[in-house]
Amino acid sequence: MKVHPLIRRSIIEPLWAIKSGTPLLRHWRELEESQFLSEKQLRERQWARLKMMVEFAFLNNAYYRRRFEEYGIRLEEIKTPEDLRKVPILTKKEIRGHGEELISNGFSRSHLMEAKTGGSTGTSLKLYLTEVCSELKNACARRHNRWSGWEVGEPVAAVWGNPVYPVGLKEKLRDALLSPTIYLDTMALTEEAVKKFAADWKRVRPTLLFGHAHSIYLLAKMVLETGIHGIAPKGVISSSMMLLPHERAVIERVFSVKVFNRYGCEEVGLISSECDRHEGMHINIDHLFVEFIKEDGTPAQPGELGAIVITDLINKAMPFIRYRIEDMGVPLDRKCSCGRGLPLMEKIAGRVADFLVRKDGTLIAGISLIENTLTRIPGIEQMQIVQNDRESIRVNIVPDQAFSSENRNELIRYFSKTFGLNMQIELSEVGEIQAERNGKYRFSICNVDQ
Ligand SMILES: [Zn+2]
């Protein structure tokens, strides 16, 4: 069915919104306007929402009620955003152990949307949210899609491992009418599959290419090696994984457009994303209150690394207050030249689980080790660092033809220097590094208690 994007944008979608009663368009328009408010105005709105969410949870949620009582916190003590630090951190373990209790009064699981986290750290969480809340999160993702040059009504192309295709007539119809999408499964990435994807591209004409960072990189490399042409996005959005600098460079070179990095998760939706200035990632303070907490429990100052702790300001069905997402990030105090009031944060230095441990207990971000070696030492296609005990580190690499014994020695020297000479470094050359079920692969895996 060939429909012009303008028809989709100005006629079909508004009619669909009226018929289905979705608040998506209303909220998206609000978000389009609010992004250019000053940071001060945005912070005031954020605080009002935060206060409301904490009050709501205290009055209507058995889990928070109990936690507040256990910690002796009274509602009237939360007078400023800083006071929120009195509330204990919500961990993934807590959520797994108290899933039922975390559902607020007045909501029943049978009427809520269920989502599951990927579980790439070996744990998976069941989450619940209302359809309205889900549409609010979609509105925020849509605002970011437009930053990349995509316009509402234009088709998109999705690239990752095991994509979820629309099922059922209603979903297929919605997909065809509102947002035609072509898919490429990078778990089965062959030249044939990419040729078919390019043919789909010519037929459907998507303008946005989005997917997991590494999946898009694999596609870009395949395009580079085979010369398959016709895949021509206006912008690329990379999400769900750390975007490595060399991967970004290859993607930008192959498709001749910029990559817009996005950071988000199932639990709270879009957390931060790059605008067309690429001066940092704008934090979604419309929907979230984001803290960066240092190892000693104090807040990280601008430029300092901290564990990301998030309070969701819109999901009342299953409130997330001070949720430790197990990712690391850096808050920034500089302003983006685009003029948006949404504050900036620095790229994610890796998940907490991606940190490796020296013998003295100090931590090293696996991602930085990979950035410092993969991009500098020639001949390494892919790399993964695995630590099972405090005495040794295993480095799995997929070498290419350029990899020499000299490169091998350089790599071992680098790791010995970084971890100390008393750490045993094992280097294995492997044919491939297995991806997780969702097509993501983990750069570093630490199985040592930290
Ligand atoms: Zn900006």
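This is a short walk through a few parts of the structure above, which is a predicted model.

Hi everyone, let's begin at the C-terminal end of our tour, with a sheet. Which order do its strands take? It is an open sheet of 4 strands, ordered β18-β17-β16-β19, and the pairing is mixed. The two edge positions go to β18, residues 424–429, and β19, residues 444–446; each has a single partner strand, so one side of each has no neighbour in the sheet. On average, neighbouring strands here are turned by 15 degrees against each other, ignoring direction.

As a quick reminder, strands of a sheet pair through backbone hydrogen bonds, and they do that either parallel or antiparallel. In this sheet, β17, residues 392–399, runs parallel to β18, and 6 bridges join them. If you'd like one pair to find on screen, take I397, whose bridge partner in β18 is E429.

Now for the helices beside it. Helix α11, residues 366–374, lies across β16 (380–387) and β19, and runs at about 150 degrees to β16. Helix α11 also meets helix α12, residues 405–419: their axes come within 11 Å and cross at roughly 145 degrees. That crossing is right-handed. On the α11 side, the contact is made by L369, N372 and T373, while α12 brings L411, Y414, F415, T418 and F419. Sorted by class, that contact has 5 nonpolar and 3 polar residues, with no charged ones.

Let's jump back towards the start of the chain. In helix α2, residues 24–34, the buried residues are L24, L25, H27, W28, L31, E32 and S34. What covers them? The cover includes helices α1 (5–20), α3 (39–60) and α6 (131–147).

Next, a residue I rather like, T207. You'll find T207 in the loop between α8 (191–204) and β5 (208–212). Is T207 buried or exposed? Its relative accessibility is 13%, and the cut-off for buried is under 20%, so T207 counts as buried. The T207 side chain makes a polar contact with the side chain of E154, at 2.7 Å. Beyond its close sequence neighbours, within four places, T207 is in contact with W150, E154, P155, P233, K234 and G235.

On to helix α10, residues 245–255. Its buried residues are E247, R248, V250, I251, E252, V254 and F255. Their cover includes β5, α9 (213–226), β6 (235–239), β7 (259–265) and β8 (269–274). Right after α10 comes S256, with a positive phi near 55 degrees.

Two more strands, and then I'm nearly done. Strand β12, residues 323–331, has 7 of its 9 residues buried, so the rest of the structure largely encloses β12. Strand β11, residues 306–312, pairs with β12 in the antiparallel sense over 4 bridges, and V309 has R324 as its bridge partner in β12.

Finally, M345, which sits in strand β13, residues 344–351. M345 is buried, with a relative accessible area of 0%. Leaving out residues up to four places away in sequence, M345 touches a long list, including Y263, F292, I308, G329, V330 and L332. To link back to where we started, M345 and I425 are 80 residues apart along the chain, and their C-alpha atoms are separated by 34 Å.

That's my tour, thanks for listening!

Conventions: Residues numbered from 1 in each chain as written. Predicted model: local features only at pLDDT ≥ 70, side-chain atom pairs only at ≥ 80, totals over all residues. Heavy atoms only, no water. Pairing = 2+ DSSP bridges. Axes fitted to C-alpha atoms, helices over the stretch in contact; angles between N-to-C directions. Contact = heavy atoms within 4.5 Å. Left-handed = near helix turned anticlockwise from the far one by under 90°. Nonpolar A, V, L, I, M, F, W, Y, C, P; charged D, E, K, R; others polar. Buried < 20%, exposed > 50% of the residue type's maximum accessible area, 1.4 Å probe, protein only. Polar contact = N/O pair within 3.5 Å; in protein donor to acceptor, adjacent residues only side chain to side chain.
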